[in-house]
Amino acid sequence: GGAGEGENNKAGLKVAGCGWNRSTFAAGTPPKNMRPFKFLSGSSGHVGARFLLPPPPVAARSRRGATAAPVAAAHAMQHRRSKVVSEPLGASSRGMCVSSGPGGLTHIDAKGAPTMVDVGEKVVTSREATARSEMHVCDSVMRLMTDDGSEMRSAKGPVFATAVIAGTMAAKRTHDLIPFCHPLGVEGVKITVQVTGSNTIEIECRVRVTGKTGVEMEALTGASVAALTVYDMCKAVSHDMITKTYLVAKSGGKSDFVKSKLA
């Protein structure tokens with residue numbers, strides 16, 4: 001059998017893992033050196049079977065020396081690929097066997113295509129999410145701090161104030177940046193920027209909405225863009241800045257979340 005998939009166009013028969021046609025199975029005998037593994041139904045109701053190559057030997061030395069390892073590796077790879085199990089196929093699936101996506105991903109439909117979640121049937125609730133960006137900067141950037149420690153001033157202007165504005169704008173426009181985020185009537189965005197260590201700047205973004213879907217992506221986007229703005233305002237001094245962004249908490253949806261202190 002071939003490494004790809006064969007398909008009998010006339011009968012609508014799908015046979016994964018080999019290139020044999022319908023007549024191959026007339027006598028009910030699998031091709032040489034192959035064994036039946038899983039039955040698959042075609043679009044016209046015909047039934048075929050999935051065949052696998054026999055497992056490779058545990059260990060064998062070839063007289064050809066250096067070529068033995070590559071050949072064995074290729075055989076093993078083909079065997080592993082053939083072990084993928086396909087459930088029975090319906091006429092509408094056209095060879096796709098994906099439910100809601102790996103691990104129940106909601107942004108993948110039954111055909112494996114990316115899709116936006118329909119929230120029409122969800123309940124309207126008060127939802128809130130908080131995200132945080134931690135920036136570790138070098139001493140030269142920290143020297144931009146004002147004497148009272150409330151602001152940084154670079155050649156471009158006030159760093160923290162500009163970051164708050166940028167983060168707020170980004171949170172409100174998250175649906176323009178992330179493909180499957182729903183446009184939301186955001187009710188509140190609160191961004192704080194403060195120095196929490198000798199070389200650490202902490203940016204926190206809290207977003208609130210009353211709606212059918214949550215605002216964790218809005219909070220993460222707001223915190224991320226605020227951190228990027230700090231970087232942009234300070235990069236003329238140094239590029240030595242590292243940022244980590246994560247979700248702190250969310251509430252009001254199907255499940256609440258609070259970040260573990262150990263995570």
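# Helices over a sheet: worked exercises

In this model, helix 3 passes helix 5 in a right-handed crossing. Handedness follows a rule: a crossing is left-handed if the near helix is turned anticlockwise from the far one by less than a right angle, and right-handed if clockwise. Helices (H or I, at least four residues) and strands (E, at least two) are DSSP runs, numbered from the N terminus.

Please keep in mind that this is a predicted model, in which local features need pLDDT of at least 70 and side-chain atom pairs count only at pLDDT 80 or more, while totals for chains, interfaces and linings use all residues. Residues are numbered from 1 along each chain as its sequence is written, and side-chain values use heavy atoms, with hydrogens and water left out.

## Exercise 1: the helix pair

Find how the axes of helix 3 and helix 5 are placed, and which residues make the contact.

Step 1. Start with the axes, which are lines fitted to C-alpha atoms, for helices over the stretch in contact; angles run from 0 to 180 degrees between N-to-C directions. Those of helix 3 and helix 5 come within 7 Å and cross at roughly 145 degrees.

Step 2. Now look for the contact (heavy atoms within 4.5 Å). Helix 3 brings Val159, Thr162, Ala163, Ala166, Gly167, Ala170 and Ala171. Residues from helix 5 include Gly222, Val225, Ala226, Val230 and Cys234.

Step 3. Check two other residues of helix 3. Ala161 is found there, and it counts as partly exposed because its relative accessibility is 35%; buried means under 20% relative accessible area, exposed over 50%, and partly exposed in between (1.4 Å probe, protein chains only). Lys172 is also in helix 3 and is partly exposed too, at 48%. The C-alpha atom of Lys172 is separated by 9.5 Å from that of Ala219, 47 residues apart along the chain.

## Exercise 2: the sheet

What is the order of the strands in the open sheet of 5 strands, and which are the edge strands?

Step 1. Use the pairing rule: two strands pair if DSSP finds at least two bridges between them. Strand 8 and strand 9 are antiparallel, with 9 bridges, and a hairpin of 2 residues joins them. Along this pair, Val189 has Val207 as its bridge partner, Thr192 stands opposite Glu204, and Gln194 stands opposite Glu202.

Step 2. Move on to strand 5. This strand pairs with strand 9 in the antiparallel sense over 12 bridges, where Ala129 is the bridge partner of Val207. Strand 5 also runs antiparallel to strand 10, joined by 10 bridges, and Ser133 is partnered there by Thr245.

Step 3. Finish with strand 11. Strand 10 and strand 11 run antiparallel and are joined by 2 bridges, with Lys250 opposite Phe257. The hairpin between them has 5 residues, and Gly252 in the turn has a positive phi of about 100 degrees.

Step 4. Put the pieces together: the order is 8-9-5-10-11, with antiparallel pairing. The edge strands are strand 8 and strand 11 (257-258), each pairing on one side only.

## Exercise 3: helices, sheet and core

Which element gives the most to the largest nonpolar core?

Step 1. See what lies across the sheet. Helix 3 lies across strand 8 and strand 9, at about 140 degrees to strand 8. Helix 5 lies across strand 5, strand 8, strand 9 and strand 10, at about 25 degrees to strand 5.

Step 2. Collect the core, a set of buried Ala, Val, Leu, Ile, Met, Phe, Trp, Tyr and Cys residues joined through side-chain atoms within 4.5 Å. The largest one has 32 residues, and Met135, Met152, Ile201, Ile203, Val230 and Cys234 have the most contacts inside it. Elements that each supply at least two residues include strand 5 (125-137), helix 3 (159-172), strand 9 (200-211) and helix 5 (216-234). Helix 5 gives the most, with 8 residues.

Step 3. Zoom in on Ile201. Leaving aside residues up to four places away in sequence, its neighbours include Met135, Met152, Phe160, Val193 and Val230.

Step 4. Step back to the whole protein, which has 5 helices and 11 strands. Buried residues make up 33% of its 263 residues.
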